[in-house]
2 protein chains.
Amino acid sequence: MTNLTTRSEHACFGGRLGFHAHTSTETGTEMRFAVFTPPRALQGEKVPALYYLAGLTCTEETFVIKAGAQRLAAELGLMLVACDTSPRGLDIPGDSDAWDFGVGAGFYLDATQAPWAPHYRMGSYVNAELPALIESNFPARADRRGIFGHSMGGHGALVTALRDPDRWHSASAFAPICNPAAVPWGQKAFGNYLGDQDRAAWERYDASLLMRARVFPRELLVDQGMSDQFLESQLHPQALDAAAKASGQSLRLRRHAGYDHSYWFIQSFVADHLQHHARQLLS
Amino acid sequence: MTNLTTRSEHACFGGRLGFHAHTSTETGTEMRFAVFTPPRALQGEKVPALYYLAGLTCTEETFVIKAGAQRLAAELGLMLVACDTSPRGLDIPGDSDAWDFGVGAGFYLDATQAPWAPHYRMGSYVNAELPALIESNFPARADRRGIFGHSMGGHGALVTALRDPDRWHSASAFAPICNPAAVPWGQKAFGNYLGDQDRAAWERYDASLLMRARVFPRELLVDQGMSDQFLESQLHPQALDAAAKASGQSLRLRRHAGYDHSYWFIQSFVADHLQHHARQLLS
């Protein structure tokens, strides 16, 4: 049995937006998430769920508040699921010293190093525990799942889909950390969560390294703003582009002049992402 | 000359979202506001501006973050302007004791009572100072202005348009405080800002009382959720409806089953409001 609790629910675009919590077996903590159930799923139809992974410092609220995605999800008949970015409330020494590591910065991987390994298991949480919870408690199809995200969450979406393409049927990303093993955010996270010596573990959580050895069987959509303040230092879409060319991955990488790293960028292109997922999930 | 400063700017839906500040002569404080400039106005065309007044506790950020309005404003060619809900930083005794009075609760009126009168002048700020600033510094038409808002801001939008229909060409509201003189939020605000004795002043800031004596020359649109937690105690759309019938005001009052007082309600119907304003502003 699950221990799902509903913190609040709101009518939204003829559907229902709910904020929920449960005790995760992966993280050993209460984990919060938001679910938008589109109108047709309130009428008894099971629909594909599209999972959103947020970036550093964000929570399960960020995407549903800032991205403006519910309108088109209601129309297309997609469920939206947004989870938190890390376990919270553990008070592990060092988990709150920086905004780019620990709380709010779980990097969607399963940590192997002390003291993180028992709780920082966002990889398995997103790939398996959360979908199982959603499919048991909401009108979500178990045979069609999409995943997307922003920045750290764009990294998480690409890596999750590439690692387990039998479980994920569509994937996309906004301004993802494309090559975390090569940039400061990723090196800090991987060094602490996975250890400095285990380069094979790093490769398993790096989209550009993974993609050289395997392909996701459908087109990936990635949007990147060219005025993104983290483009040069942290994001490296050119590494993903090169990996896709090397392995034959179908990748639609769009570069948008003038756009930055914010949700103003995400909301501007979120409709294209929902359409991308709808094409692959509803075909 | 103005003293306009730009705090940040972001590309958004092909337009530009800016967060700005200036020193207001009405309030004597720094006032912040947000402006969304649609794509066609970046290309040199002057467009109508649609002013949004937010509710209790909100800021100039609330609407542009939560309402999802930029998408359609970009398409329709409407500028969006969102201001703050009161002066801030004055530290007037009693201005921060409650969430429904003082800071974040200016009620879009000009206070007449000490200690509020010198600074709490959101009525004139919204009706005149802010539009003059916008029209001098952004590509906004001076002959077409729309106004809308939520809750306290719905009250403000209706009252502003009714009081000065030569300046305002379209108006609408989400869950407005329709009859503030008759409900606790309004009585607290009016009693403090306008005094307990001056009922004529109260009438000048109450949409349902104003509307019995005058009409706005075009249709007003008001949306109200029927699961709104403040409907019975604070909002009283039936008073506005009765006033409209008494004076012959054209009023489209829509009641929506299941919707609450939140921005999940606003985002669900904001497109209808933008279309309403576009019809009146662009015709």
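**The interface of chain A and chain B**

Q: How many residues of chain A are in contact with chain B?
A: In this predicted model, 21 residues of chain A are in contact with 21 residues of chain B, contact being heavy atoms within 4.5 Å.

Q: What should I know about the conventions?
A: Local features need pLDDT of at least 70, side-chain atom pairs count only at pLDDT 80 or more, and totals for chains, interfaces and linings use all residues. Residues are numbered from 1 along each chain as its sequence is written, and side-chain values use heavy atoms, with hydrogens and water left out.

Q: How much area do chain A and chain B bury?
A: About 1700 Å² between them, 58% of it on carbon and sulfur atoms; this is the accessible area (1.4 Å probe) lost on putting the two parts together, summed over both.

Q: Which residues of chain A lose the most area?
A: Ala11(A), Ile65(A) and Trp264(A), which together make up 36% of what that side buries.

Q: How many salt bridges does the rule find across the interface?
A: Zero, with a salt bridge taken as a side-chain nitrogen of Lys or Arg within 4 Å of a carboxyl oxygen of Asp or Glu.

Q: Changing topic, what turn lays chain A on chain B?
A: A turn of 180°, with a shift of 0.0 Å along the axis and an RMSD of 0.0 Å, superposed by least squares on C-alpha atoms of residues with pLDDT of at least 70 in both copies. The two copies are thus related as by a two-fold rotation axis.

Q: Which C-alpha of chain A is nearest the axis?
A: That of Gly68(A), 2.6 Å from it.

Conventions: Chains lettered and ligands numbered in written order.
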